[in-house]
Amino acid sequence: MSLTRPDLDALPAYVPGRSVPGAIKLASNEVPYGPLPGVVEAVTAAVAGVHRYPDMGVTELRGRLAERLGVDPERIATGCGSVALFEHLFRVTCLPGDEAVYAWRSFEAYPIIGATTAATSVRVPNTVTHGHDLDAMAAAITERTRLVIVCNPNNPTGTAVRKAELDAFLDKVPDNVLVALDEAYREFVTDPAVPDGLVEYGDRPNVVVLRTMSKAWGLAGLRIGYLIGAPAVAAAVRKVITPFSTSLPAQAAALAALAAEPEMLRRVDLVVTERSRVVEAVRKVYPDVPETQANFFWLPLGDRSAEFAAACEQAGVIVRAFQGDGVRVTIGTPSENDAFLSVVL
Ligand SMILES: Cc1ncc(COP(=O)(O)O)c(C=O)c1O
């Protein structure tokens with residue numbers, strides 16, 4: 001007899017990028033340069049207060065984000081990573097039988113969240129060039145659709161949709177369907193044709209933009225993400241949020257990180273420069289690597305993915321294989337990237 005839902009057996013577990021002692025980890029899309037200046041001090045100071053519950057309204061941080069983004073704080077909700085905010089979004093939009101449409105392959109948390117909430121997932125295959133097929137996604141919207149996710153740039157393929165395509169797509173989405181723009185990798189975007197979701201679509205009531213401090217801002221271990229949506233959507237998310245899940249050290253760290261924006265931008269520049277160098281080198285052997293606007297790139301190796309990842313591991317480099325599909329490789333420091341390239345070239 002099982003004490004838990006029988007359908008869980010069929011549910012794939014979230015596979016985190018592996019950490020192997022002594023190995024180079026290019027498997028979790030982290031930025032490799034340590035916490036931003038001021039973060040360790042802010043967290044250390046905050047720890048003295050951890051016998052108290054944190055501010056559940058996350059007032060100071062929401063205020064700071066609001067100022068930075070030029071929106072009302074009422075439009076912001078923070079969460080235990082943006083992954084938690086996706087869980088909340090599924091819960092505030094979908095009743096049993098309702099549908100959530102997203103591209104596939106995309107962020108592996110979407111189907112896991114979808115399967116344990118009321119939603120029915122509708123996965124729309126990527127194009128042959130590994131990007132979202134926005135026409136097919138628009139065609140997949142039915143009367144039951146409540147949530148559509150556009151992951152831009154897309155994890156794990158790195159591809160991005162451009163403004164003209166997204167404009168046309170959003171115009172086709174009915175007003176009563178919420179569109180979540182997952183911009184976890186926004187800071188790494190260099191192509192001006194890739195829209196900033198908040199700037200371009202922030203005034204659409206059915207668009208919500210999700211961002212994270214885990215990647216460019218270096219706070220993956222503290223778990224903090226945020227969304228910006230219409231006040232009613234943000235309020236609904238804040239209502240269902242796990243109470244106090246944005247911890248006191250996380251709030252302090254996020255404030256300190258935001259104060260170190262110039263250093264964040266400098267590190268992002270290093271990553272972007274390395275991205276060009278590494279992708280150009282890899283394409284000499286694997287010309288099919290799609291364009292990437294994120295801090296990782298995609299090797300569409302199909303059935304050879306696990307074998308390739310094992311060869312990397314032998315050389316002390318951990319990458320992320322999606323067997324049958326491809327391998328995602330995070331951009332690390334120049335020497336880490338060289339270690340990876342020595343396996344490929
Ligand atoms: C596309 C995408 N969205 C959201 C997240 C969630 O990030 P976090 O929960 O660390 O904020 C990730 C993390 O890998 C991601 O790749």
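Q: Which loop does Gly324 lie in?
A: Let's start gently, keeping in mind that this is a predicted model. Gly324 follows the strand β11 (320-322) and comes before β12 (325-330). Its place is therefore the loop between β11 and β12.

Q: Is Gly324 buried, partly exposed or exposed?
A: The relative accessible area of Gly324 is 39%. Buried would need a value under 20%, and exposed one over 50%. Because 39% falls in between, Gly324 is partly exposed.

Q: How many Å apart in space are Gly324 and Ala306, C-alpha to C-alpha?
A: Along the sequence, 18 residues separate Gly324 from Ala306. In space, their C-alpha atoms are separated by 8.1 Å.

Q: How far apart in space are Val50 and Pro249, C-alpha to C-alpha?
A: Val50 belongs to the loop between α1 (39-47) and α2 (59-69). With 46% relative accessibility, Val50 counts as partly exposed. Pro249 is 199 residues away from Val50 in sequence, yet the C-alpha distance is 8.0 Å.

Q: Is Asn206 buried or exposed?
A: Asn206 sits in the loop between α7 (197-201) and β7 (207-212). Its relative accessible area is 13%, and the cut-off for buried is under 20%. So Asn206 is buried.

Q: Which residue's backbone oxygen does the side chain of Asn206 reach?
A: This contact spans 3.4 Å, and a polar contact must be within 3.5 Å. The partner of the Asn206 side chain is the backbone oxygen of Pro174.

Q: Where does the ligand sit?
A: The shell around the ligand holds 5 nonpolar, 5 polar and 3 charged residues. Of the 13 residues around the ligand, those that come nearest are Ser82, Asn155, Asp182, Thr212 and Ser214. As for its site, the ligand sits in the largest pocket.

Q: What percentage of the ligand's exposed area does the protein bury?
A: Some polar contacts help to set the scene: an oxygen atom of the ligand lies 2.5 Å from an N or O atom in the side chain of Thr212. A polar side-chain atom of Tyr185 is 2.7 Å from an oxygen atom of the ligand, and an N or O atom in the side chain of Arg223 is 2.7 Å from a ligand oxygen. Taken alone, the ligand exposes 390 Å², and the share of this that the protein buries is 94%.

Q: What is the phi of Arg223, roughly?
A: Arg223 is found in the loop between β7 and β8 (225-228), and with a relative accessible area of 30% it is partly exposed. Most residues other than glycine have a negative phi. Arg223 is not a glycine, but its phi is positive, at about 65°.

Q: Which residue in the loop between β4 (120-125) and α5 (134-139) has a positive phi of about 75°?
A: The residue in question is not a glycine. Its place is in the loop between β4 and α5, and its name is His130.

Q: What is omega near for the peptide bond from Trp104 to Arg105?
A: Arg105 lies in the loop between β3 (99-104) and α4 (109-116). Most peptide bonds are trans. The bond from Trp104 to Arg105 is cis, with omega near 10°.

Q: Which residue does the cis peptide bond from Asn152 lead to?
A: The loop here is the one between β5 (145-151) and α6 (163-172). The bond from Asn152 has omega near -5°, and the residue it leads to is Pro153.

Methods: Residues are numbered from 1 along each chain as its sequence is written. This is a predicted model: local features need pLDDT of at least 70, side-chain atom pairs count only at pLDDT 80 or more; totals for chains, interfaces and linings use all residues. Side-chain values use heavy atoms; hydrogens and water are left out. A residue is near a molecule or strand if one of its heavy atoms lies within 4 Å of it. A polar contact is a pair of N or O atoms within 3.5 Å; within protein, one must be able to donate a hydrogen and the other to accept it, and residues adjacent in sequence count only if both atoms are side-chain atoms. Accessible areas come from the Shrake-Rupley method with a 1.4 Å probe; for residues, only the protein chains shown count as cover. On a 1 Å grid over the protein atoms alone, a cavity is a set of points where a 1.4 Å probe fits but cannot get out, and a pocket is an open set with protein on both sides within 12 Å along at least five of seven lines; lining residues have an atom within 4 Å of a point. A molecule sits in a cavity or pocket if more than half of its atoms lie within 2 Å of its grid points. Ala, Val, Leu, Ile, Met, Phe, Trp, Tyr, Cys and Pro count as nonpolar, Asp, Glu, Lys and Arg as charged, and the others, Gly among them, as polar. Helices (H or I, at least four residues) and strands (E, at least two) are DSSP runs, numbered from the N terminus. Buried means under 20% relative accessible area, exposed over 50%, partly exposed in between (1.4 Å probe, protein chains only).
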